[in-house]
Amino acid sequence: MILWRLTAPAHAPGLDGEGARLHGGRWNSPGTPIVYTSSSLALALVETWVHLPPPMRRAEALPPRVAVRIELPGDLTPERADPMDLTNAAALRAFGDAWAASRRSLALEVPSAVVPAERNVLLNPSHPSMPEVRVLEVAPFAIDRRMGF
């Protein structure tokens, strides 16, 4: 399975979950490391885009990013989160925190709140199989100037 991340060059490849541990996210509370990835580079862009403050949502203002292409171990099937209310932030964080703490799976497929028909995949950097995750490519990412307001 191929997954994607967009991240600052200084943080690439970013598979330690440190940013999420420090700041928390939709699926984790601060203190819980989780690696957020997307099932496509396009979804990774949309997910990045919505988290930028509006003044930075212009191609020329986007901070430098690199695209990280990741491969999960070949025999791995991610656990899939049951449908849940994506507006209940506390419940989502509690679910993600419990999943990470259990270390029961390396990867968890979750719906994107931005494009609910698409899937993001959370990786648990504390899982024993995390060293088997391969970074296939880290490449500069340029956004098309037509993206913006």
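**A walk through the predicted fold**

Let's start with charge: the protein chain carries 15 positive and 15 negative side chains, and the centres of the two sets lie 6 Å apart. Here Lys and Arg count as positive and Asp and Glu as negative, while His and the chain ends are not counted; each charge is placed at NZ of Lys, CZ of Arg, CG of Asp or CD of Glu. Keep in mind that this is a predicted model, where local features need pLDDT of at least 70 and side-chain atom pairs count only at pLDDT 80 or more, though totals for chains, interfaces and linings use all residues. Residues are numbered from 1 along each chain as its sequence is written, and side-chain values use heavy atoms, with hydrogens and water left out.

Now the overall build. The protein chain has 3 helices and 7 strands, arranged along the sequence as β-α-β-α-β-β-α-β-β-β. These are DSSP runs numbered from the N terminus: helices are H or I with at least four residues, strands E with at least two. The C-alpha atoms fill a box of roughly 40 × 35 × 30 Å along the principal axes. The radius of gyration is 15 Å, which agrees with the value near 15 Å for a compact globule of 149 residues; it is taken over C-alpha atoms, and the globule rule is 2.2 Å times the number of residues to the power 0.38.

As for packing, 44% of the 149 residues count as buried, meaning under 20% relative accessible area with a 1.4 Å probe, protein chains only. Contacts (heavy atoms within 4.5 Å) reach far along the chain: among those between residues at least 6 apart in sequence, 70% join residues at least 24 apart.

Helix α2 (residues 41-50) shows this well. Its buried residues are L43, A44, L45, E47, T48 and W49, and their cover includes β1 (2-7), β2 (35-38), β3 (65-71), β6 (119-123) and β7 (134-141).

Follow that cover to β1, where 5 of the 6 residues are buried. β1 pairs with β3 in the antiparallel sense over 6 bridges; strands pair if DSSP finds at least two bridges between them. In this pairing, I2 stands opposite E71 in β3.

Past β1, G14 sits in the loop leading to α1 (18-23). G14 is buried because its relative accessible area is 13%. Leaving aside neighbours within four places in sequence, G14 is in contact with R5 and V35. S40, by comparison, is 26 residues from G14 in sequence and 17 Å away in space, C-alpha to C-alpha.

Methods
Buried means under 20% relative accessible area, exposed over 50%, partly exposed in between (1.4 Å probe, protein chains only).
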